Amino acid sequence: MKLPKVRELGEAVKALIKGPYTSSFPRETHTPHQNFRGLPKFNAGKCVGCLACEAVCPVNAIAHEDRMDDDPPVRVMIHYLDTCIFCGQCEAACIADHLGIKLSTEWDLTFFDRANAFETIEKELQLCEICGDAVGCTAHLLWIANRLGELAYSSPTLYLTRMKQLGLADDLLVAHKADQNRSDRFKILCARCRRTTTMTVEEQASVTSAESA
Ligand code: SF4
Ligand code: SF4
């Protein structure tokens, strides 16, 4: 007969005193170790909707849907629970101090219908005031503005987003400037419309100065 080793005897005595290492699942709910890498969960209050997690996810378990026609427009962040491999890359890449999405200790992922195996959060979306395309989530633009500090005031999209948050943006100001053909530069714009309007205004300015010369 093979005799147990001293270490095994020690473990057996320890288990007798402290209780068994294994849980009695399914009779009792299993509580995993605090460092267990379980289901990642979005934190709607921290996430800024930047899509970095979607970009790094190796199995496309994160996706988004921009709902421009909602009032207000929203970006829906989607996490597919049945695709996720719990690798933690999303948490590692999260720009919101790794708190926008975070691995939890949740491990019981049984579903009766696989079509329900997803979780979502919604973030308010800023649309381009000319073409209506998504510029980014309001929280993300504010995050960038905060990082840039006073440099954010070189971008109307950033400072107008911040002023709107503070209730200081005056839409009438835009209307007043409309007849001067320069108002488009003082709007929240996507990169394409920013380039187009800037070039158009500068082209008009160069034509005007050429005519007056
Ligand atoms: S844990 Fe890994 S697989 Fe799951 S959503 Fe995050 S990056 Fe994707
Ligand atoms: S803030 Fe974090 S969780 Fe939210 S979209 Fe960006 S990377 Fe993903």
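## A walk through the model

Before you select anything, colour the protein chain by pLDDT: this is a predicted model, with a mean pLDDT of 85 for the chain and 86% of its residues reaching 70 or more. Now select residues 175-180, where the pLDDT is below 50. Beyond near neighbours in sequence, this stretch has four contacts in the model.

**The whole chain**

Switch to a cartoon view. The protein chain has seven helices and six strands, and from the N terminus on the elements run α-β-α-β-β-α-β-β-β-α-α-α-α. Of the 213 residues in the chain, 20% are buried. If you display contacts between residues at least 6 apart in sequence, 63% of them join residues at least 24 apart.

**The four-stranded sheet**

Next, select strands S2, S3, S5 and S6. They form an open sheet in the order S2-S3-S5-S6, and the pairing is antiparallel. Which strands stand at the edges? They are S2 (62-67) and S6; each has a single partner strand, so one side of each is left without a neighbour in the sheet. Turn the view a little and look along the strands: on average, neighbouring strands of this sheet are turned by 35 degrees against each other, direction ignored.

Zoom in on the S2 end. Strand S3 covers residues 74-80 and is joined to S2 by six bridges, the two running antiparallel. Follow the backbone from S2 into S3 and you pass through a hairpin of six residues. For a pair to label, pick isoleucine 62, which stands opposite histidine 79 in S3.

Then move across to the S6 end. Here S5 and S6 pair in the antiparallel sense over three bridges. Label leucine 127 and look for its bridge partner in S6, which is alanine 134.

**Helices H4 and H5**

Keep S5 and S6 on screen and add helix H4, residues 138-148. H4 lies across S5 and S6, and it runs at about 75 degrees to S6. Show the side chains of Thr138, Ala139, His140, Leu141 and Ala145: these are the buried residues of H4. What do they pack against? Their partners are strand S5 (118-127), strand S6 (134-137) and helix H5 (156-165). As you look at which side chains face which way, recall that an α-helix has 3.6 residues a turn, so residues three or four places apart point the same way.

Now bring in H5. Its buried residues are Thr157, Tyr159, Leu160 and Thr161, and they pack against S5, S6 and H4.

Two glycines make good stops here. Glycine 149 follows H4 and has a positive phi, near 65 degrees. Glycine 167 comes just after H5, and its phi is also positive, about 75 degrees.

**The two ligands**

Finish with the ligands. Select ligand 1 and the 13 residues that surround it. Which of them are closest? Label Cys57, Cys84, Cys87, Gln89 and Cys90. Coloured by class, this shell shows ten nonpolar, three polar and no charged residues.

Then select ligand 2, which is surrounded by 15 residues. The closest are Cys47, Cys50, Cys53, Cys94 and Gly100. By class, the shell around ligand 2 divides into 13 nonpolar and two polar residues, with no charged ones.

How values were computed. Residues numbered from 1 in each chain as written. Chains lettered and ligands numbered in written order. Predicted model: local features only at pLDDT ≥ 70, side-chain atom pairs only at ≥ 80, totals over all residues. Near = placed C-beta within 6 Å. Nonpolar A, V, L, I, M, F, W, Y, C, P; charged D, E, K, R; others polar. Buried ≥ 20, exposed ≤ 12 C-beta atoms within 10 Å, placed from the backbone. Contact = placed C-beta atoms within 7 Å. Pairing = 2+ DSSP bridges. Axes fitted to C-alpha atoms, helices over the stretch in contact; angles between N-to-C directions. pLDDT = per-residue confidence, 0-100.
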